[in-house]
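Biologist: Could you take me on a close look at one part of this protein, the largest cavity, and then show me how the rest of the chain sits around it? Keep it plain, as I'll be following along with the model open.

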Amino acid sequence: MLTNSTFLPATTGVAPLDDTDFSLYFSFLQDDSFLPEMPPAKRARRAAPEDSDPRSESDDSSKAPPAPPPRRLWVKERSRAWWDQCNRPDFPESEFRAAFRMSRGTFDMICEELGAAVAKEDTMLRAAIPVCQRVAVCIWRLATGEPLRLVSKRFGLGISTCHKLVLEVCAAIKSVLMPKFLRWPDDPTALADARRKFELVSGIPNIVGAMYTTHIPIIAPKENVASYFNRRHTERNQKTSYSISVQGVVNPDGVFTDVCIGWPGSMSDEQVLEKSALYQLASQCGILKEDWIVGGVSYPLLDWAMVPYSQRNLTWAQHAFNERIGEAQRVGKEAFARLKMRWGCLQKRTEVKLQDLPVVLGACCVLHNICEMRGEELGREEMGYELFDDEMTPENGLRSLTAMNARENMARNLLHSGLIGTGFV
């Protein structure tokens with residue numbers, strides 16, 4: 001990264017740095033072809049003998065003042081050995097996958113898709129950072145959650161440069177990849193396939209998605225602190241917690257088809273759902289028609305949202321229904337667990353500013369979908385994370401008489417069809 005020089009004032013008794021000492025901290029540009037040529041008058045003065053009398057030179061006030069000495073630009077010397085090794089074709093695939101949570105083939109595909117959006121042109125002063133290195137900085141930061149100073153050491157770039165690259169690549173993922181890899185299935189074949197797979201898992205017909213909401217820890221914001229205070233996490237962890245929410249709907253393969261990101265952590269799952277675009281489209285536009293999205297007890301029962309029974313003293317049929325719908329719910333929860341296991345930045349409080357965080361979280365969801373679609377498996381080191389989110393029953397949990405009747409019919413059918421297990425016996 002090119003920087004302007006700022007020298008501290010000389011201290012008494014301390015000799016100034018000579019060229020040898022200065023080279024320990026900075027390396028000047030090797031190519032001097034871009035530096036302006038020394039003025040002829042200055043070159044003549046340097047070539048004159050030491051005993052020459054400067055007063056013998058003619059004083060012509062009409063001449064322009066001599067040009068100032070040229071400023072020299074430098075680049076701080078940083079090691080890129082780790083990234084250069086990763087970027088070699090013979091770098092072990094297992095180590096590449098452990099570092100970036102994906103195979104080299106998937107990584108190259110993402111670089112190719114984002115090339116036009118993130119590429120920069122070379123300048124007269126320095127060469128542009130390659131696209132693959134830009135994408136690698138972002139993905140490694142999301143995968144590990146390491147602070148920017150460690151990202152800087154890994155890739156041989158400045159801290160501010162790494163921060164800028166992460167935001168730029170995440171914005172490119174949102175604009176270029178999200179429309180391709182995170183979208184609601186409008187293809188009848190895809191919807192039919194989702195219904196079939198969910199019915200195989202749960203025995204309940206016409207399910208096209210499983211809904212879940214998780215929270216991402218954040219540093220206490222400077223404004224509206226109370227809105228982001230997460231009381232449930234604070235009580236459970238015995239530590240003051242602030243968060244923002246991520247609501248997502250996944251298909252039977254664990255791929256996100258809808259996300260709602262960024263609402264404050266003090267809001268319940270019911271409130272987040274009501275603020276989402278999915279709620280507006282499903283309730284007012286009827287995009288689901290006769291299909292269902294299943295959720296946990298923290299969501300209300302709606303014309304298009306099917307949830308378990310939450311009251312006590314359930315009948316056998318109601319127990320059977322809760323057991324089977326739990327299998328469909330598990331698809332959504334396991335997808336969120338893999339999301340957080342794959343992208344370590346979601347497990348800890350992040351340095352990203354609050355206004356930039358939704359774009360970063362959206363990029364994680366898109367990259368999760370790409371990995372799931374391409375069959376990228378998680379390694380052992382990522383499998384130790386346990387997802388836990390508090391579920392609170394909404395005050396008004398029954399909002400649709402049609403859905404209540406449909407749920408009662410499903411419960412009776414499951415009880416008489418022999419699809420129930422023995423979990424409640």
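Modeller: Happy to. One thing up front: this is a predicted model, and everything below is computed from it. Let's start with what kind of residues you'll meet at the cavity. By class, its lining has eight nonpolar residues, one polar and one charged. The residues to pick out on your screen are Arg141, Leu142, Val166, Ile216, Cys345, Thr350, Val352, Leu357, Val360 and Leu361. Arginine counts as charged, so Arg141 is the charged member of that lining. Threonine falls among the polar residues, so Thr350 is the polar one.

Which helices supply at least two residues each to this lining? They are α6, running from 131 to 144, and α15, running from 357 to 373. Of the contributors, α15 gives the most, with three residues. As for the space itself, the largest cavity holds about 70 Å³. It has company, too: the count comes to four cavities of 30 Å³ or more.

Now step back to the whole chain. You're looking at 16 helices and eight strands. There are 425 residues, and 41% of them are buried. On the outside, the chain exposes about 24200 Å², with carbon and sulfur atoms supplying 52% of that area. Sequence-distant pairings matter for reading the picture: take the contacts between residues at least 6 apart in sequence, and 73% of them join residues at least 24 apart.

Next, the nonpolar core. The largest one has 102 residues, and the members touching the most others are Phe100, Ile110, Trp304 and Trp343. Ile110 is a good one to click on. Leaving aside neighbours within four places in sequence, Ile110 is in contact with Met102, Val135, Ile139, Leu177, Leu367 and Ile370. If you still have the cavity helices highlighted, note that α6 spans 131-144 and α15 spans 357-373, so you can find several of those partners by number.

Staying in that area, have a look at Glu113, which lies in helix α5, residues 104-118. Glu113 counts as partly exposed because its relative accessibility is 28%. Beyond its neighbours within four places in sequence, Glu113 is in contact with Val176, Leu177 and Lys180. Leu177 therefore turns up on both lists, since it has heavy atoms within 4.5 Å of Ile110 and of Glu113. Glu113 also sits 9.0 Å from Ile173, C-alpha to C-alpha, with their positions 60 residues apart in sequence.

For a contrast, try Arg324 in helix α14, residues 316-342. Is this arginine buried or exposed? At 15% relative accessibility, Arg324 counts as buried, because the cut-off is under 20%. Its C-alpha is 7.5 Å from that of Ile204, although the two are 120 residues apart in sequence.

Last stop, two loop residues with unusual backbone angles. Most residues other than glycine have a negative phi. Gln238 goes the other way, with a positive phi near 55°. You'll find Gln238 in the loop between α11 (231-237) and β5 (242-250), and it is exposed, with a relative accessible area of 68%. Asn313 likewise has a positive phi, about 55°, without being a glycine. Asn313 is in the loop between β8 (305-306) and α14, and at 78% relative accessibility it counts as exposed.

Definitions and conventions. Residues numbered from 1 in each chain as written. Predicted model: local features only at pLDDT ≥ 70, side-chain atom pairs only at ≥ 80, totals over all residues. Heavy atoms only, no water. 1 Å grid on protein atoms, 1.4 Å probe; cavity = no way out; pocket = protein on both sides within 12 Å on 5 of 7 lines; lining within 4 Å. Points joined across faces, edges and corners; volume = space filled by probe spheres on them. Helix = DSSP H or I, 4+ residues; strand = E, 2+ residues; numbered from the N terminus. Buried < 20%, exposed > 50% of the residue type's maximum accessible area, 1.4 Å probe, protein only. Areas by Shrake-Rupley, 256 points an atom, 1.4 Å probe, with all protein chains shown as cover. Core = buried A, V, L, I, M, F, W, Y, C linked by side-chain atoms within 4.5 Å.
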